[in-house]
Amino acid sequence: MTRKGTLYMIPCPISDRTEVCDVTPAANGRIIDTLDYFIVENVRSARRFLSRAKVARRIEELEFVELNEHTRAEEVAAMIEPLEHGRSAGVISEAGMPGVADPGALAAAECHRRGLRVVPLVGPSSLLLALAASGLNGQSFAFAGYLPVKPPERAKALRTLERRARTTGESQIFIEAPYRNLGLLEQMVSVCDGETMLTVACDVTAPGEFIVTDRIAGWARRPMPDIAKRPTIFIIGRALGI
């Protein structure tokens with residue numbers, strides 16, 4: 001009987017300005033060195049990560065297949081088929097933890113359908129790091145992903161998240177395309193209650209990391225932070241007290 005392969009969820013730095021060894025343990029490198037097959041969100045960024053991680057094999061010897069939001073279900077199944085015959089694979093996102101707000105979850109789901117083992121490796125997750133530093137409720141929280149793009153629909157979504165945070169105490173985490181970050185922050189300042197707490201976490205783990213929590217009223221008095229075109233996590237919550 002052929003031994004089945006394993007799918008490894010391989011985290012990479014959130015920022016290109018962060019050294020791989022600063023955010024991932026050496027044990028990850030030892031596992032990566034055993035692999036020659038990678039399911040990645042973007043081949044170019046995956047090659048760059050593996051090169052910076054100083055993998056044992058030559059990059060030219062490795063096989064890459066892309067898994068992104070445009071990948072069809074039958075293509076995902078084909079990507080996982082080699083694992084049925086004993087070949088293990090690594091999943092790599094463009095940044096941070098694969099499978100979380102990331103199409104790599106499709107590869108993990110296909111493995112579970114087949115009874116194949118999925119192993120997450122230790123590494124940075126911008127969502128959890130931002131929450132950990134926020135001072136907001138880290139015991140009860142939800143990730144809402146991307147909010148609607150159109151301002152009226154986005155305003156409605158913001159009010160819904162704010163109401164949920166206020167009534168349940170549950171921290172509400174969400175993200176935006178980096179070039180729309182400032183527009184989202186400006187809209188939150190204009191539509192949310194002044195007492196609502198807001199965390200803005202930008203370039204988490206990078207040299208220019210910015211993580212600040214304040215009331216909406218406080219954000220209204222602050223100069224707008226330089227978060228345009230920079231990966232940013234937003235968290236709406238209720239103030240914690242002792």
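**Briefing: sheets, helices and buried residues**

Helix 5 (residues 104-114) lies across strand 1, strand 4 and strand 5, and runs at about 155° to strand 1. The model is predicted. In total, the protein has nine helices and 10 strands. Its radius of gyration is 20 Å, close to the 18 Å that the globule rule gives for 242 residues, so the protein is as compact as a globular protein of that length.

**Overall dimensions and packing**

- The C-alpha trace spans about 60 × 35 × 35 Å along the principal axes of the protein.
- Of the 242 residues in the protein, 47% are buried.
- The protein has an accessible surface of about 12,400 Å², and carbon and sulfur atoms account for 52% of that surface.
- When contacts between residues at least 6 apart in sequence are considered, 77% of them join residues at least 24 apart.

**The parallel sheet and its helices**

- An open sheet is formed by five strands in the order 3-2-4-1-5, with parallel pairing.
- Strand 3 (63-66) and strand 5 (117-120) are the edge strands of this sheet, and each pairs on one side only.
- On average, neighbouring strands of the sheet are turned by 25° against each other, direction ignored.
- Strand 2 (residues 37-40) and strand 3 run parallel and are joined by four bridges.
- Within strand 3, E63 is the bridge partner of Y37.
- Helix 4 (residues 73-84) lies across strand 1 (6-10), strand 2, strand 3 and strand 4 (89-92). The angle between helix 4 and strand 2 is about 155°.
- Strand 1 and strand 4 are thus crossed by helix 4 and also by helix 5.

**Strand 8 and its antiparallel partners**

- Strand 8 (residues 197-202) is mostly covered, with six of its six residues buried.
- M197, T199 and A201 point one way from strand 8, whereas L198, V200 and C202 point the other way; all are buried.
- Strand 8 runs antiparallel to strand 9 (residues 210-215), and six bridges join the two.
- The residue opposite M197 in strand 9 is R215.
- Strand 8 also pairs with strand 10 (residues 232-237), in the antiparallel sense and over six bridges.
- T199 of strand 8 has I235 of strand 10 opposite it.

**L147, a buried loop residue**

- L147 sits in the loop between strand 6 (141-146) and helix 7 (151-168).
- Its relative accessibility is 8%, under the 20% cut-off, so L147 counts as buried.
- Apart from neighbours within four places in sequence, L147 is in contact with R154, L158, L161, F174, I175 and L184.
- L147 and F38 are 109 residues apart along the chain, and their C-alpha atoms are separated by 31 Å.

**Q187, a buried helix residue**

- Q187 is located in helix 8 (residues 181-191).
- Q187 counts as buried because its relative accessibility is 11%, where buried means under 20%.
- Leaving aside neighbours within four places in sequence, the contacts of Q187 are P151, R154, A155 and L158.
- R154 and L158 appear among the contacts of Q187 and also among those of L147.

Technical notes:
Residues numbered from 1 in each chain as written. Predicted model: local features only at pLDDT ≥ 70, side-chain atom pairs only at ≥ 80, totals over all residues. Heavy atoms only, no water. Pairing = 2+ DSSP bridges. Axes fitted to C-alpha atoms, helices over the stretch in contact; angles between N-to-C directions. Contact = heavy atoms within 4.5 Å. Rg over C-alpha atoms; globule rule 2.2 N^0.38 Å. Buried < 20%, exposed > 50% of the residue type's maximum accessible area, 1.4 Å probe, protein only. Areas by Shrake-Rupley, 256 points an atom, 1.4 Å probe, with all protein chains shown as cover.
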